[in-house]
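Me: Got a minute? I'd like a quick walk through this one.
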Amino acid sequence: MKTIEAIEQRHSVRQYLEKPIEAELAGKLQDEIEAINRESGLHIQMFLNEPEAFQANKPSYGQFSGCRNYFAMVGKKGMDEEVGYYGQRLVLFAQQLGLNTCWVAMTYKKGKVTPQIGSGEKLYIVIALGYGKTQGVPHKLKDVSEVSDQTEDAPEWYRRGIRAALLAPTAVNQQKFKFTRNGDKVSVKAGLGFYTKIDLGIVKYNFEAGAGKENFS
Ligand SMILES: Cc1cc2nc3c(=O)[nH]c(=O)nc-3n(C[C@H](O)[C@H](O)[C@H](O)COP(=O)(O)O)c2cc1C
């Protein structure tokens with residue numbers, strides 16, 4: 001599966017099967033995490049067969065069931081955007097392996113998630129991981145004009161990039177970002193709101209994958 005297909009097919013999944021992740025897939029995920037940590041300086045850690053992080057007491061928004069695995073997104077302070085960018089690389093990699101995910105900032109049990117946290121580091125967010133009961137549902141997309149300056153004569157790569165950005169997960173589906181283009185130079189800014197810096201990193205990853213890095217700077 002190509003990255004762009006993973007972008008189209010990925011939706012947040014909150015209900016999971018009890019089925020464990022096979023050792024071979026776990027190994028591939030671990031290798032990818034190590035590559036990302038080397039490249040980014042992040043300290044992402046994977047936890048498998050640890051159901052307590054998502055055991056909810058009462059039904060509410062963001063209720064999870066059956067989730068036993070997650071990535072703990074740890075890194076030095078001030079790395080919100082990198083957390084988003086590299087976390088989304090991992091999310092799409094997991095999707096390509098046939099797994100499902102959900103970014104989770106609020107609705108997990110904080111006391112049950114205890115990754116290693118080095119000096120100057122913090123736990124930003126977790127990403128639930130496993131085999132979904134379903135593949136989830138597409139989120140409502142903002143109009144292209146709300147998130148970009150895309151015009152009728154915009155190049156094909158820019159359209160593909162904006163489409164991929166709109167498909168990105170954002171906190172409470174806020175999609176608070178704005179792309180502008182000058183020739184082959186692209187800028188994107190985050191709006192005001194919770195977690196918009198992490199969202200910005202996620203959206204940048206999706207844009208790059210959709211537009212093709214070779215087409216713009
Ligand atoms: C930074 C961030 C934080 C999120 N926090 C939560 C959360 O605490 N609980 C939850 O159930 N979903 C959470 N989500 C998932 C979003 O609600 C979801 O991505 C959004 O509604 C779009 O839907 P989709 O991922 O299915 O495309 C979060 C997503 C992001 C990017």
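Me: Just after H2, which residue takes a positive phi?
Reply: This is a predicted model. In it, Gly41 has a positive phi of about 80°, just after H2.

Me: And how far does H2 reach from its first C-alpha to its last?
Reply: H2 covers residues 23-40, which is 18 residues. Its reach is 25 Å, close to the 26 Å expected at 1.5 Å a residue.

Me: New topic. What domains does the chain have?
Reply: The domain assignment gives domain 1 (3-130) and domain 2 (144-212). Their centres, taken over C-alpha atoms, are 23 Å apart.

Me: How many residues of each are in contact?
Reply: 18 residues of domain 1 are in contact with 17 residues of domain 2.

Me: Which element gives the most to the domain 1 side?
Reply: H3, with nine residues. On that side, eight residues are nonpolar, five are polar and five are charged.

Me: What about the largest nonpolar core? How many residues?
Reply: That core has 54 residues. Phe71, Met73, Val126, Ile127, Ala128 and Ala165 have the most contacts inside it. Elements that each supply at least two of its residues include H3, strand E4 and helix H5 (156-166).

Me: Why does this core lie between the domains?
Reply: Domain 1 and domain 2 both give residues to this core, so it lies between them.

Me: Back to Ile127. Which residues is it in contact with, leaving aside neighbours within four places in sequence?
Reply: Among them are Tyr70, Phe71 and Met73. Ile127 is also in contact with Leu90, Val91 and Trp103.

Note on methods: Residues are numbered from 1 along each chain as its sequence is written. This is a predicted model: local features need pLDDT of at least 70, side-chain atom pairs count only at pLDDT 80 or more; totals for chains, interfaces and linings use all residues. Domain bounds come from an automatic or database domain assignment. Two residues are in contact if their C-beta atoms, placed from the backbone, lie within 7 Å. Helices (H or I, at least four residues) and strands (E, at least two) are DSSP runs, numbered from the N terminus. Ala, Val, Leu, Ile, Met, Phe, Trp, Tyr, Cys and Pro count as nonpolar, Asp, Glu, Lys and Arg as charged, and the others, Gly among them, as polar. The expected span of a helix is 1.5 Å times one less than its number of residues. A nonpolar core is a set of buried Ala, Val, Leu, Ile, Met, Phe, Trp, Tyr and Cys residues joined through C-beta atoms within 7 Å. A residue is buried if 20 or more other C-beta atoms lie within 10 Å of its own, exposed if 12 or fewer, and partly exposed in between; C-beta atoms are placed from the backbone.
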